[in-house]
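Biologist: I want to learn how to read contacts, cores and helix packing. Can we work through one case?

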Amino acid sequence: MSATPLTGLKVLDLSRVLAGPWCTQLLADLGAEVVKIERPGAGDDTRHWGPPWHEHGDERVAAYFLAANRGKKSVALDFSSPEGAAVVRKMAADADVLVENYKVGGLAKYGLDAASLRAANPKLIYASVTGFGQDGPYAARAGYDYIIQAMGGMMSLTGLPDDMENGGPLRVGVAIADIFTGMYTASAILAALHERETTGKGAHVDMALFDTQLAVLANQASNAMVSGRDPGRQGNSHPNIVPYQPFMASDQPLIIAVGNDGQFARLAKLCGHPEWVEDERFATNAARVANREAIVAKVGAVIADAPAAQWMEKLLEAGIPAGPINSVSQALADPQAQHRGARQQRGEGALGAVPMVGSPIRLDGQRADASLAPPALGEHTSEVLAHYCDANTLGVLKAAGITN
């Protein structure tokens, strides 16, 4: 199988910031041609979300933008003007997929809404990404990841209990609602493409950050519905598995993640206390959850007697999942990350060689990495618009500031 299975797919990207761009970056990694429409002179908001900055010659762009925009061609085009909107409609008539994340109904005044563009191109898959979806009492609200994490229950699960020092809700350290929404949107687009092969018709994909945040509560949402009780914040421990948390060795912490009773038996033996397995308080995972504090204290007392590296060697040899708590730089420098080619620096465009984390997708051993680095604002305007405008029209658009 080719690592570019979406070769030939044309994607028009009207999205900004993270959820939509994350989706279109994934499609670009899989081989789609993605054209990103940006405001002349400003571009995607995240171009300015620095420091830190990536600088190359006269170009400067925030590192944030680089994380979600590889593999795309940038066209600077103001579609708030009738002339610019007309060009985007031409591009949409030629596209397989369009991704946008404007407020509900916000593109209708330009004739760029789903109904208008699908009427002109019935095969178009039009994906709308919003905070709360196309309908419902909150449909008109703007959606930001931080607000969605708060409203969607994620922050109620993240952090330490209120009665502990530094207790209270915390957001996840990356924009998890945005990122998961982007991934779900890409999956929905691929499903719609498959259906189009049978029906010949496109679809309007309606994706909401709030819906996605609720979905990715996963076992915690299930716990709440089954038990009738809200899960509390537990810091770094697990609500359903014990022991499954950091333990402080003599020099630094490490994570020990015991996923079943067999692993616990091996841990007990390794700790020099095989009798723990016979103790009815610890014999099963359910019993350990009920007696969490007791078994965690016993394991912790043993782990504290030796350095983390020594425990890591013993734990892994015994088949007990364990790992260090790395910084981002340590994680990217890890031998496994290096072997898998996670950290990359490539690109010959206007931004020069750009550092990035590559796609995690591999198809039959081939990496699914987009060939293009993140673009400078308007880097591909002339190249792309030459397919939709004659030279005279393009000159008029440039003179009017509608494009660069």
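Biologist: Which residues does Pro161 touch, not counting residues up to four places away in sequence?

Modeller: Keep in mind that this model is predicted. With those sequence neighbours set aside, Pro161 touches Gly167, Gly168 and Arg233. Pro161 itself lies in the loop between strand 8 (159–160) and strand 9 (168–169).

Biologist: Is Pro161 buried, partly exposed or exposed?

Modeller: Buried means under 20% relative accessible area, and exposed means over 50%. Pro161 has 22% relative accessibility, so Pro161 counts as partly exposed.

Biologist: Now the interior. How many residues has the largest nonpolar core?

Modeller: That core has 29 residues. Among those with the most contacts inside it are Leu9, Val97 and Ile189. Helix 1 (19–29), strand 6 (97–100), strand 7 (125–130), helix 7 (176–199) and strand 10 (203–208) each supply at least two of its residues. Helix 7 gives the most, with 5 residues. A second, separate core of 27 residues includes Leu14, Val75, Leu77 and Leu124.

Biologist: What does Val97 touch?

Modeller: Leaving out residues up to four places away in sequence, the contacts of Val97 include Leu9, Val11, Ile125, Ile189 and Leu193.

Biologist: At what angle do the axes of helix 1 and helix 7 cross?

Modeller: Roughly 50°, and the axes come within 7 Å. Angles from 65 to 115 degrees would count as roughly perpendicular, and those under 35 as roughly parallel. The two helices are therefore oblique to each other. The crossing of helix 1 past helix 7 is right-handed.

Biologist: Which residues of helix 1 meet helix 7?

Modeller: Ala19, Trp22, Cys23, Leu26 and Leu27. Their partners in helix 7 include Ile179, Met183, Ala186 and Ile189. The residues of this contact divide into 10 nonpolar, 3 polar and 1 charged.

Note on methods:
Residues numbered from 1 in each chain as written. Predicted model: local features only at pLDDT ≥ 70, side-chain atom pairs only at ≥ 80, totals over all residues. Heavy atoms only, no water. Helix = DSSP H or I, 4+ residues; strand = E, 2+ residues; numbered from the N terminus. Buried < 20%, exposed > 50% of the residue type's maximum accessible area, 1.4 Å probe, protein only. Contact = heavy atoms within 4.5 Å. Core = buried A, V, L, I, M, F, W, Y, C linked by side-chain atoms within 4.5 Å. Axes fitted to C-alpha atoms, helices over the stretch in contact; angles between N-to-C directions. Parallel < 35°, antiparallel > 145°, perpendicular 65-115°, else oblique. Left-handed = near helix turned anticlockwise from the far one by under 90°. Nonpolar A, V, L, I, M, F, W, Y, C, P; charged D, E, K, R; others polar.
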